Amino acid sequence: MKTIIQRTCFLFTVLMLPVLVVAQRVHTGKVTDDSGEILIGATIGVKSTENFTTTNEKGFYTLTLKVGDTLVCSYVGYKTAEVVYRQASNLTIRLESNVKELDDAIVIGYGSKIRQEVTGSISEIKMDKITETQVADSFESMLQGKVAGMNIQLNSGEPGSTPTIIIRGLAAVSRGDASSVSEPLYVIDGVPIISRSSDEFNITSTNVLADLNPSDIDDVVVLKDASAAAIYGSRAANGVILITTKKGKRGKPQISFNARTGINFVPQLLDVAGGVKEREQVSRLYQLYAPYGVSMPAMYTDITNPFYNNSSDWQGYLYNTSVTQDYSGSIRGAGDFGQYSISMGHMDNKGILFNTGFKRYSTMASTSFNALKNKVVINNTLAVSRTNQSRNVGALSTGFSSLLPLPDAPVVKGAEVFKPGKDSNVNDRIRFSSDATLNVIKDLVYKVSLSLEYTRSMHDSLGVSRRTLRASNTSGNLESRNLLFQNTVTYSPKFGDGHSLSFLLGQSAEKIETKLTEVSSVSAAPTLSETVKWPTGNSIGSSNYTASSILSYFSRLDYAYQQKYMIGGSLRADGSSKFGQANRWGIFPSVSVGWNFAKEGVFEGMDWLVNGKIRASHGISGTTWSNDYLALGIMDGGKLDQYNSLLMISYGGIAGFSPSWYDGFKNENLTWVKSQMSNIGMDVSLFRNKVEFVFDAYEKLTKGLLLTTSLPTTSGYNEVYRNAANVLNRGLEFTVNTNMSSRKQFNWNTGLNFALNRNRVVALPDGNADIIKTSTSGQDFGSVVRTGAPLNGFFFYQSQGIYQTEDQIPVNPKTGARLVGLQSKKLAVGDRNFKDQNGDYIIDVRDRIFAGDPNPKWTGGWTNDFTYKNFGLNVISTFVAGRKIVNTALLDRLKYGKGFAGTKSMPNFDNYSIWEKSGDMAKYPTLNPWNDASQIVSYDSEYIEDGSYFKIKTATLSYNLKPKMLSRIGVGRARVYCTLDNLVTFQKYSGPDAELITIDGFDDSKGYPMRRMMLFGVSLGL
Amino acid sequence: MRNKIFITCLTSLMFVSQGCKDWLDELPINTVTEDQAWKSGSDAEGAVAKAFAIFRRALAGLTKADTPSTTRNGAWGDYYFWGDMRSGDWITPNNDGDWQAGFENRLISRTELEPMTNWRLFYRAIEQCNLVLENVPNITEGFTAERKAQLLAEAHFMRAMAHFYAARIWGDIPINLTARNVQPLGREPLADVMRMVVAEADEAIAVLPWLYDGTRKKSTSRGTKGAALALKAHALMWLKDYQGASDAIKQIIDEGKFSLAPIEGFRDMFDKGETNEMVFQMFYDASIGEFSDYYGHIMTYYLTNPYTDRGNLSLAVPRSRILQIYPDYARDQSDKRVAEFFQSIDFSVGENELRPILADPIANGERLIMFAKFRKAKDRTYNLMDGPVPIFRYAELLLLKAEADARLSNLNESLANLNLVRARAGIPLFEKADQPLLIEEILEERRRELIGEFQRVYDLVRLGRLHEFNSSVSEKDEKDGAGFFPVSDEAFANNPNMTQTYYWQFNQ
């Protein structure tokens, strides 16, 4: 329709042309938008005359002008420009987009704010530039290194895995060994979304946020301090991430299409001793250590054994170059009627490991209607997505011994020795939100919104145990529903001489329900059925349900005088169903002040100072926990055991309830974890915004962190929850952005940010007694929480080398007994010499000392953006410094049990210094598989390494095709690009990748290496 | 127009405040909360049954589902390892290192044996009873006063039973008689524990019925007067109150509800638990879904093909030892129990077929005789194992009374009960009215009758005679507490009052 109008206008212009030619001094020029794209049908003419025309299909206009005429040029969706004609030869007029006016505002909780008046610590990332040339499973990984104080680590290279995001330091203690993360709250277009299911209900391993197509995101705002986040109350203590999706903009319809294909290369893998070398190493271990009467398996000695000469490269077989494809397209537009935005995307990320991959299908439609002369604005957003992650079931492992034949080897072909199995994880999400904004009277806006979110996770797996040949099938279905109803009233008058006020009053009610249905079967005979079938009459599955609701009232008052002095405060009251009646409501206040000192008279005339602001804030926000009924004292009816027997449920056919021994008993006093945060910050812009400097200092005290404390076994209960630990995070954040354009053609933008964070436990219950977490590998190995030390701090056994001679093993002079090793093992020469810190001649948990901090001290990122003519080069780096990590992956490979032969691949022992005989100056103790006490444990101070790294995450080379060429084929804008992802890492760590580490600092051997990707793409705008 | 908008706003706000009244009351629908758990008679029924279910699991053994400090995937049938493993009668034909360490009383060195040193599940059963005794008295609906009293008596019984069983394993143990007791409890002397058991049993005896409606198995797997009397008698034996023990068992005998099953009834007794001889047993029944599989039942380890998928023997009594324990069988094959308790398999038949059972129970070699007191269907699987776990049996109580009477010098009384058991086995009656000889013979008879029935080690430890039968334990060791299991590391966590058994402080 629009084109027809444009064409008609053009025809009209052409017809009019002969008439105009009669006049003198005919000038030709062009009208473009700010990116240089031509505008067809723009109105241009001489001010206060009737001498007007429109641009033709190539963006050109012809006008009769004389020097001194003022040209007026206008176009829908763009600011009207006025230019005085001064006899320039080429009269190109650039129109600035209207939408730009909104750029001065930044999205904050329940509204937006003019950037100049912001008093909290808020960072904004424009996603367009990033998503255009990069591809990722989820948007979080694209934010890595972009925001000072937001530490994002990709802990696994597995497609669809979840990165960890920690804003301003860790403030979460986990139960048991697992490392827990203080998760931020995610809000999409004003609606908090389901970002994670609690462990009990988490049946798929996929990142819940990976279903959001990064290309749909316009910008991401990170609320870091309490004054910004406290308006989200009980869930904001770990920061809030506000996501705004792309909307249509005024002007011509924005049609864009982006297609890219990446090749994933296998990075450096584990070192493996193959074939002969493995055989030699095994026989060496047998020679050195095998007890009398134990001889090597025939695989190593009998040359007629078909496996004798085998040398399988399992890593080479299972890791292969793979392909990632990503397509997205969208149509967006806006006008007086409102706006529309429709987008679709598909991603297929094949993993480098056999049988793994991640797929995403997503579509999103958003429309706004302006009714009653803009008195009412109605927004509707519908987003539907599916992700499908397939995982390796582990029946085929990259860690198999090289002596085992590959599945395609002639010896085993057809024998189905290695059943591949199946593990699929499908997540669906439907998000619908509808809101109506009523402009009741001038400056008074009422908004009501209702949103419904539905997620479904389906996990189906089939695995065949090679040992028992039993097949196990599980099939689970998880559904979550989230209902949110919000009402807000905003009154924002401006009065007098630059006084502006903004008052927000709101209410929200939210309910999240989750239901899980799961069935599983174990059948004795191998079956290839991927569905659960019941071999006997006991066809029982299990289902589970949990629900929580929150009711909130909140308000915020902001006052600014001439954008010079700002003061604001917010107050939120949250009631949650998770707490007992006594502790049901929590109050979360915050205050903040700001001073735009650059606007003071003193700085008048100092042109170099564009902007300068000092901010300060203080506030309280909270976090809750995932177990909805914890405070109520949940009872347990028992569950089916692994054979679907009712032994844990009923006795003599009568079923009953017992306490759930892990969650303690009813505790009405359980309440919010409260986080007090103070922040001081400064924003300075210098030299016409060429240099921008942001500095923040904060202190975050998280009080009453929910902690499990083990109870004496005689109580019957394992643990009880308490609001117990207090954790302090202090930090500094620096951001420097520069924008250098030496000549018109060359532009160089840099963004450097780095943040320092120190984490410390400041209080624990029971007189600050250490809390030793239970560990799957026994009491001696749990993590320790201690006051004064950081969370997850390493409390390790202090290595003093290796016992070289018998007499080095200490003997208790009183009893004559030798030092007892870890887990009461008898120590021998060649074992690790741990220091007996308390001198009781027993190495146990009491001998552990603080040995390192896995929380990074410094994190940050450095972005460089070069453009020269139509070429662009963008390099993003991230770094972490001052972090300690443990090379657990290698330790696990060096731990051998009695039946070690032929079970797993071995590293090449020549590359490691391993103790064999007295006098060996070795790092690793003896590998004696028959010795109980080899003491190769992860909690050994010897293996702590420096986890610092500097990573060039992506480098993108792009080229904007010339508009001339494009206009012929009807394309407005096109860019071709090549991106290298995970380009290079500089690290001191001896393991494969210092980033693929759990947040508590262990390189767990389940690690999936991070692929290197070379991505080619083309992005078109019509 | 403006008015319309205003009204819309107002009504929606009203709607919100109306709907919000109960908005924050979320209660689970998949389970109940503590406040909801103690409302009616059926809640009480369920809670008491749960205490028995927890105790059944405690006997089968701790797994990693119960505490993360163990790595064991499934229970092994720990009642065997506590009650029989160290009796000196057992071998491991397939040279299992863990079993061997257990035979030799090396209970700390093997991490695989560690779960057996952890008493957590016993205290869970105790806590469940404490909760019942705290909450059920307040329940008034849904059951008769009589039933309520019975359930409370059962809780007393089970609380005593769990303490008693744990005390036999660990010796001195903490006593916990209050709900939600998170205090760090220290260990109480064994005698104090047994006195508490007697007191608790007395409370139960006064109220509990002799039998409930329903099958014998169902009835005798719950707390009954007979079971409580048997418990009391056992506890008194540890206290050396032989008269009390004898009197308690006499009450059981006099009631006449229990009798010795004929030899032909052994399969019903040991495979199904359906017999008049069982006084207290743990309930298992595959037909209502309460069964074990590979894990959870000791049959997994001593049965082989044709009963299970096992190709070799893992736990067995050697042939020479069988002949030594059953001298009458060695002499003239008169002891009918041998054929009931042992079988020889034709190992010449392939592993993939049902191996036939030879007619002669001890036809096989020294290390190849299968212990088969408890059996299951011959289907070469571990599926649906539901053999009973006897705790008190009439024959066992007769022998216990015989011992008490013998020690009280009531030799005729003693001989009569001993000979009831001997007569059933088809062996000659014992006639020597000589106290020391008689006591010795009763102990031997208990060994014969109760082999593999989780009693032998407790008998030996009670009498301080483990060192006579287990060469790995010296007399001094036993005095130092080597007969008891060590206390697990986990019991010391957050408990400064916990102490290790003297012997185990020095013998790692």
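Let me start with a term: a helix here is a DSSP run of H or I, at least four residues long, numbered from the N terminus. One such helix, α17 of chain B, is followed by Gly426(B), whose phi is positive, near 80 degrees. Keep in mind that this is a predicted model.

I will stay with α17(B) for a moment. The helix covers residues 411-425, which makes 15 residues. At 1.5 Å a residue, α17(B) should span 21 Å, and its end C-alpha atoms are 21 Å apart, so the two agree. Which residues of α17(B) are buried? Ser414(B), Leu415(B), Asn417(B), Leu418(B), Val421(B), Arg422(B) and Ala425(B) are. An α-helix has 3.6 residues a turn, so residues three or four places apart point the same way. Now, the cover. What lies over the buried residues of α17(B) includes α15 (337-341), α16 and α18 (435-449) of chain B.

That brings me to α16(B). This helix runs over residues 394-407, 14 residues in total. At 1.5 Å a residue, α16(B) should span 20 Å; the end C-alpha atoms are 20 Å apart, so again there is agreement. Is α16(B) enclosed or open? Of its 14 residues, 13 are buried, so the helix is largely enclosed by the rest of the structure. After α16(B) comes Ser409(B), with a positive phi near 70 degrees.

One residue in α16(B) deserves a closer look: Leu399(B). The cut-off for burial is 20 or more other C-beta atoms within 10 Å. Leu399(B) has 28, so this residue is buried. What does Leu399(B) touch, leaving aside residues up to four places away in sequence? The list is Asn417(B), Leu418(B), Val421(B), Ile442(B), Glu445(B), Arg446(B) and Glu449(B). Recall that Asn417(B), Leu418(B) and Val421(B) are among the buried residues of α17(B). For a distance along the chain, take Val461(B), 62 residues from Leu399(B). The C-alpha atoms of these two are separated by 17 Å.

Now step back to chain B as a whole. The chain has 22 helices and 4 strands. The radius of gyration of chain B is 26 Å. For 508 residues the globule rule gives 23 Å, which is close, so chain B is as compact as a globular protein of that length. Along the principal axes, the C-alpha atoms fill a box of roughly 110 × 55 × 50 Å. In chain B, 53% of the 508 residues count as buried. Take the contacts in chain B between residues at least 6 apart in sequence: 67% of them join residues at least 24 apart.

Over to chain A. Here we have 10 helices and 51 strands. Of the 1022 residues in chain A, 45% are buried. Among contacts between residues at least 6 apart in sequence, 71% join residues at least 24 apart.

Next, the domains. Chain A is divided into domain 1 (2-96) and domain 2 (105-113 + 116-249 + 257-269 + 315-792 + 855-895 + 936-1021). How many residues does each domain give to the contact? Domain 1 gives 5 residues, and domain 2 gives 5 residues. On the domain 1 side, they divide into 1 nonpolar, 2 polar and 2 charged.

Now some strands. Chain A has an open sheet of 5 strands, with mixed pairing, in the order β10-β15-β16-β13-β14. Which strands sit at the edges? They are β10 (122-126) and β14 (191-192), and each pairs on one side only. β10(A) runs antiparallel to β15(A), residues 217-223, and 5 bridges join them. In that pair, Ile122(A) stands opposite Leu223(A).

Another set of strands centres on β30(A), residues 609-623. Strand β29(A), residues 585-595, is joined to β30(A) by 6 bridges, antiparallel. Val593(A) has Ala616(A) as its bridge partner in β30(A). β30(A) also pairs with β35(A), residues 673-686, in the antiparallel sense over 14 bridges. There, the bridge partner of Gly622(A) is Lys674(A).

Last, the interface between the chains. The contact takes 65 residues from chain A and 70 residues from chain B. Which element of chain A gives the most to the side that touches chain B? Strand β27(A), residues 542-561, does, with 7 residues. That side of chain A divides into 28 nonpolar, 33 polar and 4 charged residues.

Conventions: Residues are numbered from 1 along each chain as its sequence is written. Chains are lettered from A and ligands numbered from 1 in the order in which they are written. This is a predicted model: local features need pLDDT of at least 70, side-chain atom pairs count only at pLDDT 80 or more; totals for chains, interfaces and linings use all residues. Two strands pair if DSSP finds at least two bridges between them. Helices (H or I, at least four residues) and strands (E, at least two) are DSSP runs, numbered from the N terminus. Two residues are in contact if their C-beta atoms, placed from the backbone, lie within 7 Å. Ala, Val, Leu, Ile, Met, Phe, Trp, Tyr, Cys and Pro count as nonpolar, Asp, Glu, Lys and Arg as charged, and the others, Gly among them, as polar. The expected span of a helix is 1.5 Å times one less than its number of residues. A residue is buried if 20 or more other C-beta atoms lie within 10 Å of its own, exposed if 12 or fewer, and partly exposed in between; C-beta atoms are placed from the backbone. The radius of gyration is taken over C-alpha atoms; the globule rule is 2.2 Å times the number of residues to the power 0.38. Domain bounds come from an automatic or database domain assignment.
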